[in-house]
Every structure is written in C-alpha cells, then in structure tokens.
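Q: Can you walk me through this one? I have the sequence and the model open.

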Amino acid sequence: MGYTLNFAAVWRNFDFLLSGLALSLGLAVISILIGAVIGLVLAFALTSKNRFAVVPARVYVTVIRNLPILVLVLFAFFALPQMGLRLDKIKSFVLVLSLYSGAYLAEVFRAGLLSIPRGLTEAGLAIGLTGMQIRSSIIAPLMLRNVLPSLSSTIISLFKDTSLAAAIAVPELTFAARKINVESFRVIETWMVTSALYVATCFLIAAVMRFVERRLALPR
C-alpha cells in the first residue's frame with residue numbers, strides 16, 4: 001500500500017513545534033554564554049605556564065570531551081539527586097550543556113590565544129598594563145576575531161545537541177516532534193517539518209555569525 005502525505009496534523013500543532021524551537025534556542029544561548037565563560041577561563045589556564053592551572057584544566061577538557069553528552073544528561077538528571085543536588089529538568093540540562101560547551105570552547109579559545117603574537121603582551125607590559133588588563137583589552141578581543149569561523153560551527157553543533165534534552169522530557173523541538181508523532185502517527189510528515197526547522201535555524205545561525213565576522217574583521 002502507498003503512503004499518502006498528510007501534513008494537517010503537523011500544521012495543527014505547528015505552534016507547539018515553534019515553542020519547542022524557541023526553547024531549544026533559549027537552552028543553546030544560555031548554555032553557550034555560560035560555556036564561553038568557562039571555556040575562556042580554561043583556555044587561559046591551558047596556555048599558562050603554571051602546571052597547577054594547566055593540569056586540572058587539561059583533565060577537565062579531556063574527560064568532558066570524551067564522554068557522550070547523553071551520558072552526562074542522564075547522570076545529571078538521575079544521579080545528582082541521589083547525591084543531594086536536585087535540579088529541575090531544564091536547569092539540569094543547562095548545567096550539562098554549559099559544562100560540555102565549556103570544554104569544547106576551551107579548545108577553540110586556546111587555539112585563538114596561541115595565534116596571538118607574544119609581542120602584544122610585551123608591548124602591553126611596556127606601557128604599564130597589568131596582566132589582567134592585557135588579557136581583557138588586547139588578547140581577548142583579538143582572539144575572538146581569530147576564532148569566529150570555528151566558533152560558528154561549534155555553536156551550531158551545540159544548538160543541535162539541545163535535541164538530547166528530549167531524553168529527560170524537556171519540551172524542546174525534538175520532544176515536541178516526538179509528541180506530535182505519537183499522537184498523530186504521521187511519522188514522515190512530522191520529522192520532515194522538524195528537520196526543516198533545524199536546518200533553517202542552523203542556516204540562520206551561520207548567517208548571523210558570518211555577519212558578525214564581517215563586522216569585526218580588521219580592515220585590510
């Protein structure tokens with residue numbers, strides 16, 4: 001028997017998909033902002049000469065990057081309450097994605113820091129700037145310009161990782177699609193529309209990042 005496409009059930013619940021997409025974007029933005037702070041601190045630790053800073057940062061990045069994010073999500077939601085730390089499902093996922101993105105962004109930022117000429121630090125010291133002032137006003141802005149292309153792909157990847165929140169019933173886009181699928185039995189239509197929403201959003205994120213990259217590009 002042939003399968004006839006019928007998108008009626010999907011369109012009736014399209015607002016549910018859009019609310020799920022909005023939540024996915026919210027989860028991604030909050031987690032990436034927190035992760036960027038974590039990643040920046042780790043990147044400075046990884047590029048320092050102090051082994052008491054390098055070793056813990058390297059262990060953190062190595063462990064987190066080698067664990068499946070789904071394992072971390074399930075651990076945070078089901079295991080942490082057994083240890084006395086109770087978080088609701090959204091906060092639990094934000095915690096995991098923030099820690100996870102921090103490890104990946106640390107490597108992105110580390111590469112950017114290594115691309116900065118050492119002479120800039122020496123020049124900053126020569127005019128009387130402190131180490132913190134040099135990092136915040138010279139090194140960090142230049143590093144961000146250098147890493148924008150790779151940062152774009154990392155942000156898109158982390159946005160797609162929000163789909164794993166469905167595993168703990170966070171009502172983001174994938175969870176909304178699964179719910180519509182179960183209730184309507186329109187498997188192909190539901191996942192076609194959901195896939196289109198993910199692809200369109202990723203293209204939009206890429207376009208925004210390209211715009212930011214052009215705006216921050218140094219004049220040639």
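Q: What are we looking at, and how many helices and strands does the protein have?
A: This is a predicted model. The protein has nine helices and zero strands. From the N terminus on, the order is α-α-α-α-α-α-α-α-α.

Q: What does the C-alpha trace span along its principal axes?
A: About 75 × 50 × 25 Å.

Q: Tell me about α9. Where is it, and how far does it reach?
A: Helix α9 covers residues 187-216, which is 30 residues. From first C-alpha to last it reaches 44 Å, close to the 44 Å expected at 1.5 Å a residue.

Q: Which residues of α9 are buried?
A: Near the start of the list come E189, T190, V193 and T194, then L197, Y198, T201 and C202, and finally I205, A206 and M209.

Q: And α5, how far does that reach?
A: Helix α5, residues 89-114, has 26 residues and reaches 38 Å between its first and last C-alpha, close to the 38 Å expected.

Q: What does the side chain of D88 reach at the start of α5?
A: A side-chain oxygen of D88 comes to within 3.1 Å of the backbone nitrogen of I90.

Q: Back to the whole protein. What share of the residues is buried?
A: Buried residues are 38% of the 220 in the protein.

Q: How much area is exposed, and what do carbon and sulfur supply?
A: The protein exposes about 12,500 Å², with 69% of that from carbon and sulfur atoms.

Q: How many positive and negative side chains?
A: There are 20 positive and 9 negative ones, and the centres of the two sets lie 8 Å apart.

Definitions and conventions. Residues numbered from 1 in each chain as written. Predicted model: local features only at pLDDT ≥ 70, side-chain atom pairs only at ≥ 80, totals over all residues. Heavy atoms only, no water. Helix = DSSP H or I, 4+ residues; strand = E, 2+ residues; numbered from the N terminus. Expected span 1.5 Å × (residues − 1). Buried < 20%, exposed > 50% of the residue type's maximum accessible area, 1.4 Å probe, protein only. Areas by Shrake-Rupley, 256 points an atom, 1.4 Å probe, with all protein chains shown as cover. Lys, Arg positive; Asp, Glu negative; His and termini not counted. Charge placed at Lys NZ, Arg CZ, Asp CG, Glu CD. Polar contact = N/O pair within 3.5 Å; in protein donor to acceptor, adjacent residues only side chain to side chain.
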